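Colleague: Please take me through this structure, and explain how each term you use is justified.

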Amino acid sequence: MAKQKQNFTNYYNQYKDKIFNYFWYRVNFNRALAEDLTADAFLKAFKGFNEFDHERSFQSWMYAIAKNHLLNYYRTANRETDLLAVEKMGVDELKKIENKLELEQTFNLINQLSEYYREVLLMRFSDGLDNREIAEILNKDEGAVRTQISRALEELRGRAVNLL
Amino acid sequence: MNNFEQQLNNLPKARLSRRADLLIRYKLMCAALKQNFSGLNFNFFAMAGLRPVLAAVVILVLVFSGATSAYAYNSNQVTRASTLYPVKRGLEKIESRFATTPAAQVKFHNKLAGRRILEAQFLSLGSAAFTADQTASSTGEAQPVKLEYENEFNDTLRDADDEIEQANEHAGEISDRTELDRSLALLSDAHLNELDKIKVIAEGIGIEADDRTTDNIALILENIKGRQQRIVRAISQFDGDLKRAGENEDDEDGASASSSEKNIAKGQSASTTPDEAASSLDRVRNEIKVLESELSQGGRISNKQIKRLTERLNKKINQAKSAIETGDVNKFNGLLRATEALTNNGQHFLKENKREEKKDENLPDNNSVNKTKAQFNLKELQQKQEERRKKLEERQKEEAKKAAEQNQENGTIKIDDRTATSSVNVLPEQKEGNSNAD
């Protein structure tokens, strides 16, 4: 069944927090920067909305735009994903979280993973995407994503056991 | 393990702040606007060859629509016979919505009345040329002159009468004494001007015009005179000089008792019983005789014109007589009213010109229309109006002086005839008419 064509505003209302969250996790929890990147990503999406195939998932399309925009940002700013700095840069945000110590520990463990494992885990747990959606965004097979997530979790657990 | 996955599932979920949300929405809105306009610009500039044409068309449309409306609204040449007339009336309707108080309504309808009369004047100008050509080919028998825009002319005159009536009605709604005083003065001045202009129209059209046209002109003259009487009476009441007003009222009653003017001015129906009808007819016959003898004196008006007028009046009397004999009271009343109006205002259709009179002696009836055409041009009308206006202004100044003196006293004002116990400052024309009738 063909998906009903939606207004861009409806899509924006539906995905604005998810996209912001996506950037927030990937720019060291810098809220202002994440907001700017979110705005830029939605503006890009709006400009290309006429070419968007409504038979496809808007979420996948939007995440693909966000991902490309983030990569451009990294390239321009000569930055890399540095979740190691989370304890310093995101300390204010994290203090508001009830079980911050456990989370800090979790972040430390995630940061020790390879970039690819970090990405799929964040998508799965921080962005709340399912395997199919992650597969669409990363342009991978759903089974492969499931395997990658499983391996990433296994490695994370191993590191956690070693830490304990 | 469960605890570990639970920790991952409990990773914090940040939400976009309200401020950032609004900012993004604003950026999206700007982008949407830009996108729409950029599309328009693209199409517009893509047609570079058509750009000057498009620009010219847009400018022409804007200029033409604005200028046309302004022309239609202001020009007296835009009449019922014009295609732009609906535009004019439409703009007037819009304007009427801004006149919210009775005083403003008086002013507004007064303005429209003046405008309708000017339109009628313009229509009568065009008519003279048409009728002259038309009657020139006739067989020599005197025929009523048909106006080119006869229907439009008569409808415009009726519109003018309606506007004058509305202005008077709204004056009766004014409760503020100062405003009422001002409005009555305005109406009084306006009525004098209107009378003057309609007399000029009557003179231009002449007695050769057909019955319907002359009747209409005569009736509107009578109506305005009647209204003017009521206004003057109201002003007198306003001044509070009831004692003097009472005396003048007696005088007026004596003067108007022998004339039919009072009945016509009030719009009252004439008598309906056979005796009263016969009496009315006798009275009007006498008035016609008086008018005929008066016009004959001095020899300033051609006998042909006088004869034409009296023939028409007598014809109306006969028609009225036939109507009452057949029991058609309404027709009788209408004919009697029209006859009285024409009797009282017949002299306005005649031309006082000795040179013309001499020529008239040797010329057929149709050529008199050609002379009408030659004489009746706007410049002459304006000159005549200017002269009359000066006289009117002098008269109004005198009245204003009197009014200013009397305004110091308090008094009640009523326009309605029924309440009028004061005098009627009859217009000079009416005074003359009354004295002649006596």
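**Terms and evidence**

Modeller: Just after α8(A), the residue A:N139 takes a positive phi of about 60 degrees. The model is a predicted one, in which local features need pLDDT of at least 70 and side-chain atom pairs count only at pLDDT 80 or more, while totals for chains, interfaces and linings use all residues. Residues are numbered from 1 along each chain as its sequence is written, and chains are lettered from A and ligands numbered from 1 in the order in which they are written.

Colleague: What makes a stretch a helix or a strand, and how many of each does chain A have?

Modeller: Both are DSSP runs numbered from the N terminus: a helix is H or I over at least four residues, a strand is E over at least two. By that rule chain A has nine helices and zero strands, and its elements run α-α-α-α-α-α-α-α-α from the N terminus on. Chain B has 17 helices and zero strands.

Colleague: How do you know that helix α3 of chain A has the span expected of it?

Modeller: The expected span is 1.5 Å times one less than the number of residues. For the 20 residues of α3 (residues 58–77) of chain A this gives 28 Å, and the end C-alpha atoms are 28 Å apart, so the two agree.

Colleague: Which residues of that helix are called buried, and what makes a residue buried or exposed?

Modeller: A residue is buried if 20 or more other C-beta atoms lie within 10 Å of its own, exposed if 12 or fewer do, and partly exposed in between, with C-beta atoms placed from the backbone. In α3(A), the buried residues are A:W61, A:M62, A:Y63, A:A66 and A:H69. What covers them includes α1, α2 and α8 (131–138) of chain A. In α8(A), A:N131, A:I134, A:A135, A:E136 and A:I137 are buried. Buried residues make up 33% of the 164 residues in chain A and 37% of the 438 residues in chain B.

Colleague: Why is B:Y71 called partly exposed?

Modeller: B:Y71 lies in helix α3 (residues 51–74) of chain B. It has 15 C-beta neighbours inside 10 Å, a count between the two cut-offs, and therefore counts as partly exposed. The C-alpha atoms of B:Y71 and B:L84, 13 residues apart along the chain, are separated by 9.0 Å.

Colleague: What makes a group of residues a nonpolar core, and which residues of the largest one touch the most other members?

Modeller: A nonpolar core is a set of buried Ala, Val, Leu, Ile, Met, Phe, Trp, Tyr and Cys residues joined through C-beta atoms within 7 Å. The largest has 59 residues, of which B:I198, B:I217, B:I220 and B:L221 touch the most other members. Helix α7(B) gives the most to this core, with 11 residues. Leaving out residues up to four places away in sequence, B:I220 touches B:L157, B:A160, B:D161 and B:I198. Apart from the largest core lies another, of 40 residues, among them A:F23, A:Y25, A:L109 and A:A152.

Colleague: What counts as a contact, and how many residues does each chain bring to the contact between A and B?

Modeller: Two residues are in contact if their C-beta atoms, placed from the backbone, lie within 7 Å. Chain A brings 20 residues and chain B brings 19 residues. On the side of chain A that touches chain B, α2(A) gives the most, with seven residues. That side divides into 10 nonpolar, four polar and six charged residues. Here Ala, Val, Leu, Ile, Met, Phe, Trp, Tyr, Cys and Pro count as nonpolar, Asp, Glu, Lys and Arg as charged, and the others, Gly among them, as polar.

Colleague: Where is confidence lowest and highest in each chain?

Modeller: The relevant score is pLDDT, the predictor's confidence in each residue, from 0 to 100. Chain A averages 79, with 79% of the residues at 70 or above; its lowest helix is α4 (residues 86–89), at a mean of 47, and its highest is α2(A), at 92. Chain B averages 70, with 64% of the residues scoring at least 70; its lowest helix is α10 (residues 261–266), at a mean of 36, and its highest is α6 (residues 150–171), at 88. Over residues 39–48 of chain B, pLDDT stays under 50 and the model has zero contacts beyond four places in sequence. Where pLDDT is low, the predicted coordinates should not be read in detail. The model as a whole scores ipTM 0.73 and pTM 0.45.
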